Amino acid sequence: SSSAMADTVVLYPSPGIGHLISMVELGKLLLKHRPSFSITIFITTAPYTTGATAPYINHVVSTTSSITFHHFPAVALPPTSTSTSTSPVPFEELAFEIPRLNNPFLYQALQNISQKSNLVAFFIDFFCNAAYEVSSKIGIPTYYFYTSGASALCIFLSIPTLHETISKNIKDLHDYIKIPGTPPIYSQDLPKVLFDRDSRVYKMFLETAIRKGKSSGILVNSFEALESRAVKALSDGLCIPNAPTPPIYCIGPLIASNDRGSKSDEHECLRWLSLQPSKSVVFLCFGSMGLFTAEQLAEMAAGLENSGHRFLWVVRNPPTDDETKPILAPAEPDLDALLPGFLERTKDKGLVVKSWAPQVEVLSHDSVGGFVTHCGWNSVLEAICAGVPMLAWPLYAEQRMNRVFMVEEMKVALGLTESDDGFVTAAELEKRVRELMDSENGKTVRDQVMAMRNCAKAAIQDGGSSHVALEKLVDSWAKS
Ligand code: UDP
């Protein structure tokens, strides 16, 4: 009907750099397939800082000229979800709450765009679940962009089934759970937000899983060769047993592009890496929100030093005990106070970077030979695309189950063993770093990562599985 108007796609990520980066890359990918599309990304202004990332978000926005960014005004969180409550609110609950509070802005913005252009599709990530109410009222086809992998999606879509079949709280189960498409998952490895079926955040996940199963389609940032069992279970509809599964499109890997500006703003750590031998450096970096106690940092330092390997380590300040500021970015760390004597003793072997490193560039540097990661999905894909084998040290969100997939299913990582409270000893880190860098096991993982790197390249080429999936999606809009 509106053939004279531009075909527009709107993307709506929840707060957090990982989500924004994936959406920006999705926007660019859509433009590559259909240069005539007009792409708009809505950005919420969260009333808190999502990790050490605010400047980075501005950088992404200011350097992506092919996409229109529309910022929603800041919203205030209701008092129940902030400082006055007795126990701290889980980050995930806030992540669901922000988009809900933005629904009035969303309604306005979508209305405006649909009057001026032909709005063909609306993409949300799962924390933006509340947006579904708005987009379905306006009648726009709504897709979920799942920014984790296909195996994790199998679990996520199985939440309603688990809810019906397991009457206990997950945290009291202490047993393996069998879900189609994945290896058995020990209950305690599921995301913490699913532990208590009476919590608000659990209900938010349950509701989102149900609604996602009824959406126009689900995009997954993965590729078939990496998670073939999970992809098959999803497309066979095994994870939603009593209803049809929406179309699943594996369109990845989508990773942040490695487009640094001029040489002059090259980060000091890249210059340092260039002075190190090929594949000799272990890189340690824990996502946008990974924080450790001072005690754990000291233990890591000892483990690294004892391993004898070269390292590049991104260190942040420990979390504050101040529960009124649950997720404020901590100040720059005072490294001499946190790690007395360590920098001096290891200055020929390692480099410590404060707060943030250009991870994609670091991973693709020839000197990097291993990656100790918190198992955030973007980090996993970035390492695979750079051919860097991993040591899995999960911290939050779905990362514990990602470790199971990485170690047992994809075989792109070795696992670290932590105590029940998550503590990793110096001896354990030393042992695993040596295993990754020196042993036959490490070599097997390295070979598999290289194989997956090649599969990733093939998947996004013309005729590759991810390329074909995206064409199919875009074609479906032309026919509707
Ligand atoms: N990142 C980075 N430098 C850092 C920490 C993180 O560039 O010091 C980037 C990383 O490359 C990835 C993203 O931030 O693209 C983190 O996403 P991921 O899904 O791995 O973890 P999350 O932060 O969502 O837990």
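This passage walks through the two sheets, the core, the ligand surroundings and a few backbone oddities of a predicted model.

Start with the sheets. One of them is open and has seven strands, lined up as β3-β2-β1-β4-β5-β8-β9 with parallel pairing. At its edges sit β3 (68–74) and β9 (248–250), each of which pairs on one side only. Going from one strand to the next, the twist averages 25°. As a bit of background, strands of a sheet pair through backbone hydrogen bonds, either parallel or antiparallel. Inside this sheet, β5 (residues 142–146) runs parallel to β8 (residues 217–220), and four bridges join the two. To find the spot on screen, look for Tyr143, which stands opposite Gly217 in β8.

The other open sheet is built from six strands in the order β12-β11-β10-β13-β14-β15, and here too the pairing is parallel. Its edge strands are β12 (350–354) and β15 (413–415), each pairing on one side only. The twist in this sheet averages 20° from one strand to the next. Strand β10 (residues 281–285) is a good one to look at, with five of its five residues buried. Side chains in a regular strand alternate between the two faces of the sheet. In β10, Val281, Phe283 and Cys285 point one way while Val282 and Leu284 point the other way, and all are buried. Four bridges connect β10 to its parallel partner β11 (residues 310–315), with Val282 standing opposite Phe311 in β11. Further along, β13 (residues 368–373) and β14 (residues 390–392) pair in the parallel sense over three bridges. Thr373 and Ala392 stand opposite each other in that pair.

Next comes the inside of the protein. In soluble globular proteins, nonpolar side chains tend to be buried together. The largest nonpolar core in this model has 146 residues, and those with the most contacts inside it are Leu153, Cys154, Phe283, Leu312, Leu391 and Met406. Helix α1 (residues 17–33) provides the largest share of this core, with eight residues. Phe283, one of the well-connected core residues, belongs to the buried set in β10.

Leu153 and Cys154 lead to helix α6, since both are among its buried residues, along with Ala150, Ser151, Ala152, Ile155, Phe156 and Leu157. That makes eight buried residues out of eight in α6 (residues 150–157), so the helix is largely enclosed by the rest of the structure. Leu153 shows what this looks like up close: leaving aside neighbours within four places in sequence, Leu153 is in contact with Tyr146, Ser148, Ile218, Val220 and Leu234.

Then there is the ligand. Of the 20 residues around the ligand, Gly18, Ser288, Gln359, Gly376 and Asn378 come nearest. Helices α1, α14 (359–363) and α15 (377–386) each supply at least two residues of this shell, and α15 gives the most, with four. Sorted by class, the shell has 11 nonpolar, eight polar and one charged residues.

Leu270, in helix α10 (residues 268–273), gives a nice example of how the chain folds back on itself in space. Leu270 and Ala357 are 87 residues apart in sequence, yet their C-alpha atoms are 9.3 Å apart. Setting aside neighbours within four places in sequence, Leu270 is in contact with Glu361 and His365. Why does Leu270 count as partly exposed? Leu270 has 17 C-beta neighbours inside 10 Å, and a residue needs 20 or more to be buried but 12 or fewer to be exposed.

Last, a few spots in the backbone. Most residues other than glycine have a negative phi, and most peptide bonds are trans. The peptide bond from Gly252 to Pro253 is cis, with omega near 0°, and Pro253 is found in the loop between β9 and α10. Lys279 is not a glycine but has a positive phi of about 55°. This lysine lies in the loop between α10 and β10, and Lys279 counts as partly exposed because it has 16 C-beta neighbours inside 10 Å. Lys411 also has a positive phi of about 55° without being a glycine. Its place is the loop between α16 (399–409) and β15, and Lys411 is partly exposed, with 17 other C-beta atoms within 10 Å.

Definitions and conventions
Residues are numbered from 1 along each chain as its sequence is written. This is a predicted model: local features need pLDDT of at least 70, side-chain atom pairs count only at pLDDT 80 or more; totals for chains, interfaces and linings use all residues. A nonpolar core is a set of buried Ala, Val, Leu, Ile, Met, Phe, Trp, Tyr and Cys residues joined through C-beta atoms within 7 Å. Two residues are in contact if their C-beta atoms, placed from the backbone, lie within 7 Å. A residue is near a molecule or strand if its C-beta atom, placed from the backbone, lies within 6 Å of it. Ala, Val, Leu, Ile, Met, Phe, Trp, Tyr, Cys and Pro count as nonpolar, Asp, Glu, Lys and Arg as charged, and the others, Gly among them, as polar. Two strands pair if DSSP finds at least two bridges between them. Axes are lines fitted to C-alpha atoms, for helices over the stretch in contact, and angles run from 0 to 180 degrees between N-to-C directions.
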